[in-house]
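This report describes selected features of one protein chain. The sequence and the model are shown first.

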Amino acid sequence: MKVSIAMATYNGARWIEEQLDSFAQQDRRPDELVVCDDCSGDETISIIEQFRRRASFEVRVVSNEKNSGHIRSFLRAMSLCRGDVIFLSDQDDTWRRTKISTMIRLIEENPRRHVFVNDAEYTDGNGTPCGLTVLQKCVSVGASAGGHIAGACTAMTKEFVAFILPEDYAEMPKYHDVYIHRWAKALGCKHITTDVLQTWRIHGSNSSAATQMTTPERVSMLTWRAKFKGADSRSDYLTKALQFRRMCIHLAAKRDEFSRLEVAADYGDVLGELSRHIDAFENRAALHDVSYPGRLAAIADMALRGKYKYFYGWKSIAKDLLI
């Protein structure tokens with residue numbers, strides 16, 4: 001089984017050497033590292049080239065002609081990988097020595113799964129542990145383990161990557177890992193391990209700095225209430241509904257690639273799952289347009305029909321009660 005690592009870089013000189021060294025120290029070395037650089041203006045490329053000359057595996061670097069953003073850089077790196085399994089890597093984390101070997105074992109043991117995710121320990125910018133893992137954070141925000149969607153902790157089969165790569169970027173989510181894990185959930189092909197196989201470094205320059213999961217602190221009900229009281233999320237919900245409609249179009253266009261994936265869900269199952277997401281997002285958007293008594297009835301109906309499982313469970317119910 002050939003292993004590829006897809007990495008997107010941008011001005012990562014401060015941390016990238018430590019991450020590259022963690023690849024070289026794996027007890028199961030990768031077969032290739034594919035880096036897509038997004039017009040770095042620091043020493044990032046120079047550090048990678050120095051590493052390439054001493055690495056025991058192939059290192060390939062491609063550079064964007066203009067700054068294109070991390071999602072396009074990651075998808076480009078993924079498209080150029082030749083391995084049977086593709087690991088995603090940020091430029092500022094570090095992998096534990098057994099990360100690749102552990103994930104490969106899980107892949108071999110679960111032939112009908114195509115997306116594999118490991119837990120990670122949060123650290124600060126200096127690499128000091130914060131006393132919290134990503135799965136622990138998921139629980140604190142009211143999500144299940146399935147809410148762990150960090151791309152930096154994700155490995156995928158080449159068949160899955162071939163299926164999900166978009167023809168264009170219309171209605172794409174803001175983050176590549178959101179896109180990947182939406183497909184993993186819809187296809188029912190995700191496997192999560194509680195093994196902590198890496199660090200996740202949190203600092204002021206993270207590409208996903210604005211997301212809830214990049215704050216290494218548990219979330220209480222009081223902080224959740226303060227964050228969302230009075231918030232109007234209609235446009236966000238409708239944008240996400242549109243993104244899922246685009247996924248339905250993608251599924252139809254790539255039906256042949258889907259048929260080659262060994263997953264438990266059939267075509268109708270996947271289409272139904274995507275449609276239920278659309279319905280849930282549109283229902284939450286509509287809550288803003290009804291009176292409070294009507295909103296209470298709509299929230300109760302959504303809860304009874306299990307629609308809050310597509311969000312953060314009871315915490316999302318609490319948010320909707322506050323709008």
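The sections below treat a strand, a helix and two loop residues of this predicted model.

## Strand β1 and its neighbours

Seven of the seven residues of β1 are buried, and the strand is thus mostly covered. In a regular strand the side chains alternate between the two faces of the sheet. In β1, V3, I5, M7 and T9 lie on one side, S4, A6 and A8 lie on the other, and all of them are buried.

Strand β1 runs parallel to β4, to which five bridges join it; within this pairing, I5 stands opposite F87 of β4. Six bridges link β1 with β2, also in the parallel sense, and T9 has D37 of β2 as its bridge partner. Between β1 and β2 the chain passes through α1, giving a right-handed β-α-β crossover.

## Helix α3

Helix α3 spans residues 70-80, and its buried residues are I71, S73, F74, L75, A77 and M78. The elements that cover these residues include the strands β1, β2, β4 and β8, together with the helices α6 and α7.

## Two loop residues with positive phi

Most residues other than glycine have a negative phi. N11, although not a glycine, has a positive phi of about 50°. The residue lies in the loop between β1 and α1 and is partly exposed, with a relative accessible area of 32%.

C39 also has a positive phi, near 65°, and is a residue other than glycine. Its place is in the loop between β2 and α2. C39 counts as partly exposed because its relative accessibility is 32%, a value in between the limits of under 20% for buried and over 50% for exposed.

Terms used: Residues are numbered from 1 along each chain as its sequence is written. This is a predicted model: local features need pLDDT of at least 70, side-chain atom pairs count only at pLDDT 80 or more; totals for chains, interfaces and linings use all residues. Side-chain values use heavy atoms; hydrogens and water are left out. Buried means under 20% relative accessible area, exposed over 50%, partly exposed in between (1.4 Å probe, protein chains only). Helices (H or I, at least four residues) and strands (E, at least two) are DSSP runs, numbered from the N terminus. Contact means heavy atoms within 4.5 Å. Two strands pair if DSSP finds at least two bridges between them. A crossover is right-handed if, with the strands pointing away from the viewer, the path from the first strand over the helix to the second runs clockwise.
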